[in-house]
Amino acid sequence: MLIAGFPAGAWGTNCYLVAPAAGEECVIIDPGHQAAEGVEETLRKHRLKPVAVVLTHGHIDHVASVVPVCGAHDVPAWIHPADRYMMSDPEKALGRSTGMPLMGELTVGEPDDVHELTDGAALKLAGLEMTVRHAPGHTKGSVTFGLPEAADIPPVFFSGDLLFAGSIGRTDLPGGDMAEMLDSLARVCLPLDDSTVVLSGHGPQTTIGRERATNPYLREVAAGQGDGGTAAPRRGM
C-alpha cells in the first residue's frame, strides 16, 4: 500500500493520497488550503490516478482545494451531510460574519459531484475499502477513515481533527462540543488495536497504543473521567 502525505497551507493541514501501490488509482484525503500543487506533484511522483476526494470534516483548512482538485480530475467529493454547508459557507463554520476575509483568495463552493458519508459505511474506492466512522466533537459532521491491516502495514486510522499526537481537536468553534468529542474518542478510538497507525489532520503520525498511554484526553476517557480540563492545549482550526 502507498500512503503519501504532506502538510499544506497556512494551517499546516495534512493532505494524504492513498493507493494500493504506485502507478494505480488513489483517494485524496483533505486537500486543504494551498494543497492543489502538492497534490499534483504527488500524483506525478507516484504515477497515481485520483478517483475521489474524501473529507474528514468541512473546515476551510481541510477543504479549500476541493473544487480545483475535483475539477482538474473530474472526480467526486465525499463529506458528511452535517458539514456539507461549510464548503459553500466557510465563514459560518468559523463563527465569522459573511464577507470577512479568510487567508488570501480561496475558491469556496461545492465541486460538481458530492456524495454524503454515513457512519459505518464501507467506502470502496481505488481498490481500497475504507471504514467510515462518524466522530462529532470538533464539528458535527467530523468523520474518520480506517484501513485494515495489510500484508506490509498495520491498520491505519485517518483521524482528521479528532485525535492528534498528544492532543485532540478544539471544540470552541461552531458545531464543536466537548461531550461529543469525549464520546467519539471513547467510541471510535479506544476500541482500535494498539498497533493502529494514526494519521491526523495536523502534526506527526502516532499510534493508538502511544496515545492510549500518553495522550491526557484519551487517558481520561479510558479511565472513565472525561472533562479534559487539565489536559494539553487542543489543536486544529
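This is a short talk on the sheet, the cores and the salt bridges of one structure.

Hi everyone, and thanks for having me. One thing up front: what you see is a predicted model.

Let's start with the sheet. It is open, has six strands in the order 1-2-3-4-5-6, and its pairing is mixed. At its edges sit strand 1, residues 2-8, and strand 6, residues 114-116, each pairing on one side only. On average, neighbouring strands of this sheet are turned by 25 degrees against each other, direction ignored.

Now let's walk along it. Strand 1 and strand 2 are antiparallel, with seven bridges between them. Pro 7 is found opposite Asn 14 of strand 2. The two strands make a hairpin with four residues between them, and there Gly 9 has a positive phi near 75 degrees.

Is strand 2 enclosed or open to the outside? Seven of its seven residues are buried, so the rest of the structure largely encloses strand 2. Its side chains split between two directions: Thr 13, Cys 15, Leu 17 and Ala 19 point one way, while Asn 14, Tyr 16 and Val 18 point the other, and all are buried.

From there we go on to strand 3. Strand 2 and strand 3 are again an antiparallel pair, this time with three bridges. Leu 17 has Ile 28 as its bridge partner in strand 3. This is a hairpin too, with five residues between the strands, and Gly 23 in the turn takes a positive phi of about 80 degrees.

With the next neighbour the direction changes to parallel: strand 3, residues 25-29, and strand 4, residues 49-54, are joined by five bridges. Cys 26 has Pro 50 of strand 4 opposite.

What packs on this sheet? Helix 3, residues 66-73, does, touching strand 3, strand 4 and strand 5, with its direction at about 145 degrees to that of strand 4. Helix 1, residues 36-46, lies across strand 1, strand 2, strand 3 and strand 4, and runs at about 155 degrees to strand 1.

That brings us to the cores. In soluble globular proteins, nonpolar side chains tend to be buried together. Which residues have the most contacts inside the largest nonpolar core? They are Leu 17, Ile 28, Val 39, Val 53 and Val 66, in a core of 27 residues. The elements giving two or more residues to this core include strand 1, strand 2, strand 3, helix 1 and helix 3. Leaving aside residues up to four places away in sequence, Val 66 touches Pro 31, Val 53, Leu 55, Gly 71, Ala 77, Met 87 and Pro 111. There is also a second, separate core of 22 residues, and Val 27, Ala 126, Val 132 and Leu 199 are among its members.

Further along the chain, please look at strand 10, residues 156-160. Five of its five residues are buried, so strand 10 is largely enclosed by the rest of the structure. Val 156, Phe 158 and Gly 160 point one way, and Phe 157 and Ser 159 the other. Strand 10 pairs with strand 9, residues 143-147, in the antiparallel sense over three bridges, and Leu 147 is opposite Val 156. Strand 10 also runs parallel to strand 13, residues 197-200, with four bridges joining them. In that pair, Gly 160 stands opposite Ser 200.

Last topic: charges. Side chains of opposite charge can pair when their charged atoms come close. How many salt bridges does a search of the whole structure find? It finds seven.

My favourite group is a network of salt bridges linking Arg 84, Glu 110 and Glu 116. Between Glu 110 and Arg 84, the closest N and O atoms are 2.7 Å apart. Glu 110 is in the loop between helix 4 and strand 6, and Arg 84 in the loop between strand 5 and helix 4, 26 residues apart. For Glu 116 and Arg 84, the N to O distance is 3.2 Å. Glu 116 sits in strand 6, 32 residues from Arg 84. As for accessibility, Arg 84 is partly exposed at 24%, Glu 110 is partly exposed at 32%, and so is Glu 116 at 40%.

One more pair to finish: Lys 140 and Glu 180 form a salt bridge at 3.1 Å, N to O. Lys 140 belongs to the loop between strand 8 and strand 9, and Glu 180 to helix 5, 40 residues apart.

Thanks for listening, and I'm happy to take questions!

Terms used: Residues numbered from 1 in each chain as written. Predicted model: local features only at pLDDT ≥ 70, side-chain atom pairs only at ≥ 80, totals over all residues. Heavy atoms only, no water. Pairing = 2+ DSSP bridges. Axes fitted to C-alpha atoms, helices over the stretch in contact; angles between N-to-C directions. Contact = heavy atoms within 4.5 Å. Buried < 20%, exposed > 50% of the residue type's maximum accessible area, 1.4 Å probe, protein only. Core = buried A, V, L, I, M, F, W, Y, C linked by side-chain atoms within 4.5 Å. Salt bridge = Lys/Arg side-chain N within 4 Å of Asp/Glu carboxyl O.
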